[in-house]
Amino acid sequence: MKLKKQVTVCGGAIFCVAVFSLYLMLDRVQHDPARRQNGGNFPRSQISVLQNRIEQLEQLLEENHQIISHIKDSVLELTENSDGQSGPLPQRTPNGSWVVPYDPRPSFLSISPQDCQFALGSKGQKADLQMLDVYSLLKFDNLDGGVWKQGFDITYDPHEWDSEPLQVYVVPHSHNDPGWIKTFDKYYQDQTQHILNNMLLKLPEDSQHRFIWSEISFFSKWWDGIDSQKQALVRRLIGNGQLEIVTGGWVMPDEASSHYFAMIDQLIEGHQWLEKNIGITPRSAWAIDPFGHSSTMPFLLRRSNLTSMLIQRVHYSIKKHFSATHNLEFMWRQSWDVDSSTEIFCHMMPFYSYDVPHTCGPDPKICCQFDFKRLPGGRVNCPWKVPPRPITEDNVEERANLLLDQYRKKSKLYRSKVVLVPLGDDFRYDKSQEWDQQFLNYQKLFDFMNSHPELHVQAQFGTLSDYFDAVYKKHGITPGMRPPSYPVVSGDFFSYADREDHYWSGYYTSRPFYKNLDRVLESHLRGAEILFSLALSHARRHGSESAYPVSDYSLLTEARRNLGLFQHHDAITGTSKEVVVVDYGIRLLQSLVSVKKVLINAAHYLLLKDKKTYHFDQSTLFLEMDDKRLNHDALPDKAVIKLDSSPRYVVVFNPVEQERICVISLLTNSPRVKVLTEDGQPLAVQLSTQWRSATDMMMDVFQVSFPARLPALGLSIFQLLESFDTHMTLKSESTVYLHGRKRSVKKREAFPVKILDDSTDDFYMENQQALFRFSGLNGLLEGVKRKEESEEQKVRMEILLYGTRAAKDKSGAYLFLPDGDAKPFVPRAPPMVRVSTGPFVSEVVCYYDRIQQTMRLYNVPALGVEGLSLEVSSLVDIRDLSNKELALRFLTDIESEDAFFTDLNGFQIQPRRRFQKLPLQANFYPMPAMAYIQDEQARLTVHTAQALGVSSLASGQLEVILDRRLMQDDNRGLGQGLKDNKLTRNQFRLLLERRSTSNKVQDSRPVSFPSLLSHMTSMYLNHPVMPMPVALQQEAVPPLRAFSPLSATVPCDFHILNLRTLQAEDAGIPSSEAALILHRKGFDCGLEAKNLGFNCTTTQGKLLLSGLFKGLDLRSMQPTSLTLMYPSASPSNTSLIQIDPMEISTFRICLG
């Protein structure tokens, strides 16, 4: 404290000398008594003392040393009397707005000009087929193609294969959903374990038999239950090529609603399991059931060193077009790629489904006759009324020729004389009888074909990689290379339609409650991974590893697997049975509770000044989390911090890798609250009331909000205590618009509340960046005016309802089949609106009968990111509706025409176009993280904290589907509607940016990028700060010190995707190594970036890893493939890395 006073004295003396110098200069120019009194925010008595000192200085300059001594005494006295006041309070202007004091600490953003070139485009080779252009070209006319209903008649010359025989690879497979009609465990118990047990019995019977498997979630569960002899047999079957693990992810993930963090995490979990337990690396990927395909997936697979991939669910018109042009096999390249490094060889299946009737050739009536599980007497039959027949010597010739005709026709759609024929379906081969029916009958057919040279065919069982290897061999190239003349494709394959106008765009929003819970777990898991890795490294460095709860690693592993399980294409999509959804929800919540424990234990260790005093108590956690969920389908309840006269410590974790200027809001049980920094400096706080409803103020709960500057990935400490000294406390003010509703307002006298019965005048909310106008009729947003501009930008918010068709097919969990355009949502009564304004946070809350719309505006010092966008929260409850979908639409005067942009998996932006030739539902796309519209002047971005469906149905519009309640099945196998709706909170941020005149938008290019501000806004929304109060049970809080892990600033365009501790050889135990996964984001410099409050620069992708983590040495570093299966370079002596824009790089590191 003594040192602090000395520093204050010196600072005050310097300040006074500066005032004196300024006075002398001004006095020479112009005598100005008024100016002379403007000496700072000191009490008048102190200013008078300083004024006297200055006058003495004027008269007696030779005695200046004595006067300086008097100034020191005065400043010291001032310091003692001011009770540590750290700065002036926010000021209220005459128009009612608040001005936050200027933060003198430097804020800088420096972008290297070279880093702006990436988004401007390149001279790289253009793709042969851009999917947006393909959409423009196609008629989508759905003509009857004959036996191949969605295709065309296929003919061939019987002598085509005379010189080069047809190679046929029949690939037996069983598609195992880790939850859909049954739960994961029930499927395993009833079917999956029997499939894998039968595989071990049947594959060794004949070395020609083959089988492929995809889902490691099931495989690992089965593996743990078999003995070492069976495990050795599995390794032998894989080693001799009879069994292939394809893709090797924990699940076959959905590609629309999943976030790239979780997609990568489940891929790493599967690949690491394979490496640790079997010692194999997958080569080929298999995705037969996701409902549309994202271009993010081929990028992740390529960076994991897979060389080939297969996809199935693609719009039937695109399949037909690709079939007719022989483009079903192609190199899939990312739209920003300049050197073909992202290309991966992709095979698109041509027909309706992955079941046997739709895989041998174009005629399902014939192909079904070769699904020998459907032999008469079984439980499955052929809908075409012609059953299979067992193969005998009498019928083998006729049967073989019939099947060969289908093989030949299918091969005509591809460029090589190698044909792939999957043989399987959902949960196939669970009975040993089916193994015999399929393998023995097919072997007879193959033996006949292969023994008749005049047929010019070589047919056999094969794995997926057997097929791809044969294609590569035909072209004389190594696996993964581009075969000569094969096309390059860029873009994605959304939205999917399997027939007629049945677009699978409903599932983009289905069960949004769990889509949000998924992202909450993601953020907490990432935070727990990073803090656990850092805490464990510091514990090892301090020799206290034995005291640290390394058992937390098993909680992380379980959370990775539960999050991975939910990425399954019937989980996050919201397309499972209700009982299965409950199972997923329980798993997500259990893991959320677990990773919070991991976070708390890591934070506890990292905060201790003396690490030797660390003691882990399983029964009593050192910290508590700021919110709790009563069960898996409940929204979180925020914890109320109980205060008394002794300080209550609150730790705040910033999970973002940049310093964060933000407003922290906590709930307390007392309005007499004082907030101090770690070292005891008081902070200005805003005190707000909490409301149960529009008119019912809570009497015993209060919100305390204060601005803070949080270190990157750091843990900050604040003190809260009950105090009658409230000179640093500013109360918010509320206005309630009753709109004619005869309601009494329950309120506390200490908090000003204005009640307006019938006012319909528009009202405003503003901060230092912008002025937001809201409708006096409904409380919703109407327009935005940035402070430096004279014109308001129209941004009107509307709430809408879609119905479903009256007859025949209706909307369900998968399909969106509306009954026409959306209709305005008409509430039963006019909405009551409450407006609360304060210095740091203001909000408008609109109370409708089925939606509560909250719009929140932050006012932060140093113009932080948080104050540059409007936070929007939609609390939705449509449980009393029937066959309705609730939508939120934004109408602007942006001249976007038919163009809009949606993200893919939070990783990249895909330009879209609204096509009038397509039905309304076809123009909806997934929005996992953001969507925007733009013209030459402006861009409006809707950022989202959960995946939802989005579209732009007219120029200047963006609309989001918030929730859907549908009373019937849509005939895609689920057998249920969507009737288990929850009270759901969807969270957004609305960002309006101006385009700089020097860089006009180019909508014609098939690539677009968010701005750096947009990237940061998305990070803030998806990774909110995590307050953790010290538990009340702690009788004596040990000395704590804030934790700031980074010794250098991470470049603005870098994202630390994860710091994931790797497993040791023994399961459940952490090793000394971690996977550091970095993503360098592509960004658009053409949007104005003034006063963003960033404290970072761009560095052309360079980052020095040694010394990056404060107090830890980088003992080793190995660049690897994305999932750590392959070293990508020899270990380097330098730790300076360079990453290209959009790249994701993984490093196996050891810190200590």
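This is a short tour of the protein in your viewer, from the whole chain down to single residues.

**The whole chain**

Keep everything selected for a moment, and bear in mind that this is a predicted model. Show the C-alpha trace and turn it along its principal axes: the trace spans about 125 × 70 × 55 Å. How does the radius of gyration compare with that of a compact globule? For 1152 residues a compact globule would come out near 32 Å, and the protein has 33 Å, which agrees.

Now switch to a cartoon. You will be looking at 20 helices and 52 strands. If you draw contacts between residues with a separation of 6 or more, 76% of them join residues 24 or more positions apart.

Next, bring up the surface. The accessible surface is about 42900 Å², and carbon and sulfur atoms account for 50% of this area. Buried residues make up 62% of the 1152 residues. To look at charge, colour the 126 positive and 133 negative charges: the mean positions of the two sets are 2 Å apart.

**Stop one: C116 and C1085**

Time to look for sulfur. A disulfide is a covalent bond between the sulfur atoms of two cysteines. How many disulfides does a search of the whole structure find? The search finds four. Counting bonded cysteines along the chain, their pattern is 1-7, 2-3, 4-5, 6-8.

Select C116 and C1085 to begin. These two are joined by a disulfide, with 2.1 Å from S to S. Follow the backbone away from each end and you will see that the link connects distant parts of the chain: C116 sits in helix α5 (residues 113-116), while C1085 is in the loop between β47 (1070-1080) and β48 (1095-1097), 969 residues apart. The torsion about the S-S bond of C116 and C1085 is about -85°, so this disulfide is left-handed.

Are the two cysteines buried or partly exposed? C116, at 17% relative accessibility, counts as buried because the limit for that class is under 20%. C1085, at 25%, counts as partly exposed.

**Stop two: C360 and C367**

Move on to C360 and C367, another disulfide, where S to S is 1.9 Å. The torsion about this S-S bond is about -90°, so the link of C360 and C367 is left-handed. Turn the surface back on here: C360 counts as buried at 2% relative accessibility, and C367 counts as buried at 0%.

**Stop three: C1052 and C1096**

Now select C1052 and C1096, whose sulfur atoms are 2.0 Å apart in a disulfide. Which hand does this link have? With 110° about the S-S bond, the link of C1052 and C1096 is right-handed. C1052 lies in the loop between β45 (1026-1029) and β46 (1054-1063), and C1096 in strand β48, so the pair ties together parts that are 44 residues apart in sequence. Strand β48 may ring a bell, as the loop that holds C1085 lies between β47 and β48. Both ends of the link are under cover: C1052 is buried at 7% relative accessibility, and C1096 is buried at 1%.

While cysteines are on display, add C346 and C846 to the selection. C346 counts as buried, with 0% relative accessibility, and C846 counts as buried, also with 0%.

**Stop four: backbone geometry**

Hide the side chains and look at the backbone. Most residues other than glycine have a negative phi, and most peptide bonds are trans. The next three selections depart from that pattern.

Begin with F494 and S495. The peptide bond from F494 to S495 is cis, with omega near -5°. You will find S495 in the loop between β14 (488-490) and α17 (512-541).

Then go to F140, which is not a glycine but has a positive phi of about 50°. F140 is in the loop between α6 (131-137) and β5 (166-175), and with a relative accessible area of 14% F140 is buried.

Finish at Y429. Where does Y429 lie? Look in the loop between β12 (418-426) and α15 (432-450). The phi of Y429 is near 65°, a positive value in a residue other than glycine. Y429 counts as buried, at 0% relative accessibility, and that is the last selection of the tour.

Conventions. Residues numbered from 1 in each chain as written. Predicted model: local features only at pLDDT ≥ 70, side-chain atom pairs only at ≥ 80, totals over all residues. Heavy atoms only, no water. Helix = DSSP H or I, 4+ residues; strand = E, 2+ residues; numbered from the N terminus. Rg over C-alpha atoms; globule rule 2.2 N^0.38 Å. Buried < 20%, exposed > 50% of the residue type's maximum accessible area, 1.4 Å probe, protein only. Contact = heavy atoms within 4.5 Å. Areas by Shrake-Rupley, 256 points an atom, 1.4 Å probe, with all protein chains shown as cover. Lys, Arg positive; Asp, Glu negative; His and termini not counted. Charge placed at Lys NZ, Arg CZ, Asp CG, Glu CD. Disulfide = S-S within 2.5 Å.
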